2 protein chains.
Amino acid sequence: MRGASGRDPERSVELLWAGAGRGNRAGLSLERIVQAGVAVADAEGLGDLTMQKVADRLGFTAMSLYRHVPGREHLIDLMYDHAIGADPAPEPEGGWRPRLEACARRSWQRHQAHPWLAEVRGNRRVPGPNTMAVFERMLSVLADTGLRPNEVVAAAELVGRFVDTQALTLVEAAEEERGSEVSNREWWEARDSLYAKFDRYPTVTALWEAGGFDDPEDPFEFGLRRVLDGLELLIRERDEISDEITACQMCGAPVRQTAAGRRRAYCSRACQQRAYRRRRSS
Amino acid sequence: MRGASGRDPERSVELLWAGAGRGNRAGLSLERIVQAGVAVADAEGLGDLTMQKVADRLGFTAMSLYRHVPGREHLIDLMYDHAIGADPAPEPEGGWRPRLEACARRSWQRHQAHPWLAEVRGNRRVPGPNTMAVFERMLSVLADTGLRPNEVVAAAELVGRFVDTQALTLVEAAEEERGSEVSNREWWEARDSLYAKFDRYPTVTALWEAGGFDDPEDPFEFGLRRVLDGLELLIRERDEISDEITACQMCGAPVRQTAAGRRRAYCSRACQQRAYRRRRSS
DNA sequence: CTTCCTTGTTTATGAGATAAACAAATGTAT
DNA sequence: ATACATTTGTTTATCTCATAAACAAGGAAG
């Protein structure tokens with residue numbers, strides 16, 4: 001089960017959010033184990049992160065780790081937050097868009113530095129302080145765009161997941177190349193027997209001949225652009241509507257139009273009723 | 001290694017693209033194994049797909065499967081294409097957008113029917129006929145939008161990956177709930193000790209209090225909308241430019257503007273030279 | 001009948017996580 | 001200093017899987 005720190009998440013909470021622990025000079029320590037774990041994962045990917053390798057790197061037995069960390073999944077929780085690191089201060093100028101783009105690019109950089117981050121899966125991961133700081137930052141950028149609260153959250157998750165996905169694709173590719181004589185490119189180039197079957201797919205064939213597969217767009221840049229454009233459209237839409245203020249047909253008070261649903265003519269239910277009665281009596 | 005059918009992909013090509021095999025009435029057969037595999041994965045997810053369980057379901061030993069399938073990863077290749085199934089015919093009316101959206105929704109439906117599809121990872125998977133048919137369809141929708149060939153491919157992959165990602169998130173959640181007393185909602189609701197630490201994140205707190213996490217947007221609908229909007233912007237941009245035709249400043253012939261680079265003033269290199277000579281001599 | 005091929009079974013190996021028991025070292029109280 | 005408790009690391013053992021290798025039962029061909 002990739003099911004995260006599933007059982008006993010409270011241990012993860014404690015470990016992640018505890019103040020700095022004591023440091024036994026010579027022996028093992030949480031800190032040291034986490035660092036070793038990160039080193040192993042950086043070098044070999046999360047799939048090849050074994051308790052044995054982490055322990056070896058420190059000169060101890062695999063079982064020794066369990067005196068400090070409840071288990072592998074908890075270790076991964078800790079490694080994750082450690083690798084995310086402190087969110088760097090510099091905030092770019094400008095509106096929400098350059099700032100959101102900067103969030104995405106910072107995340108992208110973190111994934112370059114620690115490709116295995118994207119391999120940390122599961123919906124039951126306890127976030128640590130660094131993870132939360134990153135989340136906070138992204139939300140704060142989106143918070144003053146005029147989006148509704150749940151849209152802010154949805155937008156942040158869309159962008160976050162987009163970056164994750166692209167990163168995951170890359171790690172998976174890297175992992176496949178590591179410990180395989182051939183590069184992915186070579187591997188695909190060797191699939192002639194497969195391509196031989198592709199006559200019956202006219203568009204695939206046409207695009208192939210038009211060079212559509214030769215010089216691919218950078219999927220990260222391409223996708224990020226589309227996603228941000230899509231969000232911009234939504235945000236503009238909300239801006240227009242929430243900026244729009246009409247006069248109440250009954251009392252003349254300002255009426256703020258909401259984003260969805262039927263246009264409002266009255267400022268309140270009371271005015272709506274008054275208008276109704278007036279119509280009826282006339 | 002999630003590294004796909006890594007070694008010996010040729011076997012996957014053969015098995016996927018072979019005509020229908022013979023059927024030993026009583027005994028095992030590729031077909032039967034693949035079906036059993038799909039059934040197991042449908043019920044328990046790909047992570048819990050073991051050769052043992054597949055064999056049990058057919059009343060044979062685990063090792064018996066190896067007489068028909070080279071190994072687990074090859075089996076997964078076969079299951080994938082089998083579960084994708086034949087791409088249904090009905091093509092919606094209208095322009096690229098409703099048709100592309102329909103592709104995305106069909107894919108989404110396939111993922112509902114077989115959630116584990118999203119768990120099939122790796123860049124070295126041999127696609128089967130059904131997989132290719134789906135890809136062909138999506139590309140054909142994008143092919144006549146005015147996008148350049150490599151953009152068509154990038155757009156298809158963006159949409160495809162988007163659906164995959166959302167589906168993956170859902171399976172992971174489902175897998176975590178299966179075989180865990182508590183639902184994900186309950187699990188998160190039980191994390192009070194964690195939330196207690198969140199005072200220092202003002203935006204998170206504000207959004208929480210504003211109910212931004214209570215009634216979340218449907219991530220699939222929300223994201224699909226943004227992605228399609230983003231693509232629409234790009235497609236419009238390309239349309240405008242490639243529709244735009246100016247007159248050659250030298251001979252008046254129509255000049256089709258290209259999408260990128262400096263605007264063209266002349267219809268040909270020859271006219272450009274003529275203009276240059278005229279300027280010099282005057 | 002003998003020999004080979006197909007198909008299924010039994011046995012065995014190796015990787016990994018981690019539980020349980022054991023042992024050494026380090027504290028702490030008297 | 002002595003006796004007991006706690007911490008920290010090690011050894012052993014167990015369990016789950018994939019899959020290699022050897023074995024066996026039936027059928028087909030000569």
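## Chain A at a glance

What share of the contacts in chain A with a separation of 6 or more is accounted for by residues 24 or more positions apart? The figure is 63%. Keep in mind as you read that this is a predicted model.

Let's start with the building blocks. Chain A has 12 helices and two strands. If you follow the chain from its N terminus, the order of elements is α-α-α-α-α-α-α-α-α-α-α-β-β-α. Chain A has 282 residues, and 35% of them are buried.

## What the UniProt record marks

Two annotated stretches of chain A are worth finding in the structure. According to an unreviewed UniProt entry, residues 27-87 of chain A carry the feature "domain: HTH tetR-type". Helix makes up 59% of that stretch and strand 0%, and its two end C-alpha atoms are 30 Å apart.

The unreviewed UniProt entry also gives the annotation "DNA-binding region" to residues 50-69 of chain A. Here the chain is 40% helix and 0% strand, with 13 Å between the end C-alpha atoms.

## Around the DNA strands

Now look at the DNA. Around DNA strand C there are 15 residues, and those that come nearest are A:Thr50, B:Gly27, B:Thr61, B:Met63 and B:Ser64. Sorted by class, the surface near DNA strand C has six nonpolar, seven polar and two charged residues.

Which residues come nearest to DNA strand D? Of the 15 residues around this strand, they are A:Gly27, A:Thr61, A:Met63, A:Ser64 and B:Thr50. The surface near DNA strand D divides into six nonpolar, seven polar and two charged residues.

## Where the two protein chains meet

How many residues does each chain bring to the contact between chain A and chain B? Chain A gives 63 residues and chain B gives 63 residues. On the side of chain A that touches chain B, the elements giving two or more residues include helix 1, helix 6 (129-143), helix 8 (184-189) and helix 11 (219-243) of chain A. Helix 7 of chain A supplies the largest share of that side, with 14 residues.

The classes on this side of chain A are mixed: 30 residues are nonpolar, 16 are polar and 17 are charged.

## A closer look at helix 1 of chain B

Helix 1 (residues 9-17) of chain B packs against helix 4 (residues 72-84) of chain B at an angle of about 35 degrees, and their axes are 10 Å apart. The crossing of these two helices of chain B is right-handed. On the helix 1 side, the residues that meet helix 4 of chain B are B:Arg11, B:Ser12, B:Leu15 and B:Leu16. Their partners in helix 4 of chain B are B:His74, B:Asp77, B:Leu78 and B:Asp81. Together, the residues of this contact comprise three nonpolar, two polar and three charged.

An α-helix has 3.6 residues a turn, so residues three or four places apart point the same way. With that in mind, find the buried residues of helix 1 of chain B: B:Pro9, B:Ser12, B:Val13, B:Leu15 and B:Leu16. These buried residues pack against helix 2 (30-44) and helix 4 of chain B, and also against helix 9 of chain A.

## Three residues to find yourself

Is B:Cys103 buried or exposed? B:Cys103 counts as buried because it has 25 C-beta neighbours inside 10 Å, and 20 or more are needed for that label. This cysteine sits in helix 5 (residues 96-113) of chain B. Leaving aside residues up to four places away in sequence, B:Cys103 touches B:Arg137, B:Met138 and B:Val141.

B:Arg280, in helix 12 (residues 269-281) of chain B, counts as exposed because it has 7 C-beta neighbours inside 10 Å. B:Arg280 and B:Val126 are 154 residues apart in sequence, and their C-alpha atoms are 62 Å apart in space.

Finally, A:Ser29 is in the loop between helix 1 (9-17) and helix 2 (30-44) of chain A. With 16 C-beta neighbours inside 10 Å, A:Ser29 counts as partly exposed. From A:Ser29 to A:Leu234 the distance is 49 Å, C-alpha to C-alpha, and the two are 205 residues apart in sequence.

Definitions and conventions
Residues numbered from 1 in each chain as written. Chains lettered and ligands numbered in written order. Predicted model: local features only at pLDDT ≥ 70, side-chain atom pairs only at ≥ 80, totals over all residues. UniProt positions renumbered as here; feature names shortened; annotations may be inferred. Helix = DSSP H or I, 4+ residues; strand = E, 2+ residues; numbered from the N terminus. Axes fitted to C-alpha atoms, helices over the stretch in contact; angles between N-to-C directions. Left-handed = near helix turned anticlockwise from the far one by under 90°. Contact = placed C-beta atoms within 7 Å. Nonpolar A, V, L, I, M, F, W, Y, C, P; charged D, E, K, R; others polar. Buried ≥ 20, exposed ≤ 12 C-beta atoms within 10 Å, placed from the backbone. Near = placed C-beta within 6 Å.
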